[in-house]
Amino acid sequence: MQGTADKIKKRDNPKDVFYTPIDLVKTHLDYVLPYVKENDIIFDPFYGTGNYYKLFEEYYPNNTYDFTEIEMGKDFFQYDKKVDIIVSNPPYSLIDEVFDKSVSLNPFIISYLIGLHNLTTRRIENMNEKGYFLVKMKMMKVFKWFGMSAIVVFTKKSQKNCIDYDRQVWK
């Protein structure tokens, strides 16, 4: 049986490999900066070209860093080390699996750059049920990416989302 990561690695036509522009990476790292404490373990599960990981030391000195990248034989879905903060740009086609695996690592902060259409009420509620709340969100348009994108920050340090919504169907 072929694992999820193997399916991504061996597919003929990757549909969600979009490397993050360096200036957007810097914006994302700045966005997470207020949540970082000295000696935190900061993790990039989707190394890609290394744009995130290579800037960790500059943005978050006095911390420890780790990464996974399926193309380098380091599978995020097999990762089981302690982390405090997760920050990256995940494959959108696996967003539910990515969120589930991220929660299983029990960090204080989970922050991803995702397609805005991927930020559904069901996903927010699922994160809430697991003890993570959306405390910060920044929307932007990235050249050649589908639709709007968003930097989202989920934390265990809150019991309230930064956005308000209801499930009522308005007629």
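Mentor: Two strands count as paired if DSSP finds at least two bridges between them. Keep in mind that this model is predicted.

Trainee: Okay, so how many bridges join β5 to β6, and which way do they run?

Mentor: Eight, and the two strands run antiparallel; β6 covers residues 148-155. To pick out one pair, L134 has F154 as its bridge partner in β6.

Trainee: What is the strand order in the whole sheet?

Mentor: Go along it as β2-β1-β3-β4-β6-β5: six strands, an open sheet, mixed pairing. β2 (64-67) and β5 (133-141) are the edge strands with a single partner each, so one side of each has no neighbour in the sheet. On average, neighbouring strands are turned by 20 degrees against each other, direction ignored.

Trainee: And which strands does helix α4 touch?

Mentor: Residues 95-104 make up α4, and the helix packs on the sheet against β3 (85-88), β4 (109-115) and β6. Its direction makes about 170 degrees with that of β4.

Trainee: Which residues of α4 are buried, and what covers them?

Mentor: First the general idea: an α-helix has 3.6 residues a turn, so residues three or four places apart point the same way. Here I95, V98, F99, K101, S102 and V103 are buried. Their cover includes β3, β4, β6 and also α5 (121-129). After α4 comes N106, with a positive phi near 60 degrees.

Trainee: Which residues form the aromatic cluster?

Mentor: F99 from that helix is in it, along with F43, F46, F76, F77, Y79, Y112 and F154. The structure holds 14 aromatic pairs. For charges over rings, look at K74, whose charged end sits 4.0 Å from the centre of the F67 ring, and at K157, over the face of F108 at 5.5 Å from the ring centre.

Definitions and conventions:
Residues are numbered from 1 along each chain as its sequence is written. This is a predicted model: local features need pLDDT of at least 70, side-chain atom pairs count only at pLDDT 80 or more; totals for chains, interfaces and linings use all residues. Side-chain values use heavy atoms; hydrogens and water are left out. Helices (H or I, at least four residues) and strands (E, at least two) are DSSP runs, numbered from the N terminus. Axes are lines fitted to C-alpha atoms, for helices over the stretch in contact, and angles run from 0 to 180 degrees between N-to-C directions. Contact means heavy atoms within 4.5 Å. Buried means under 20% relative accessible area, exposed over 50%, partly exposed in between (1.4 Å probe, protein chains only). Rings of Phe, Tyr and Trp (its six-membered ring) pair if their centres lie within 6.5 Å; planes under 30 degrees apart count as stacked, over 60 as edge-to-face and the rest as tilted. A charge sits over a ring if NZ of Lys or CZ of Arg is within 6 Å of the ring centre and within 35 degrees of the ring normal.
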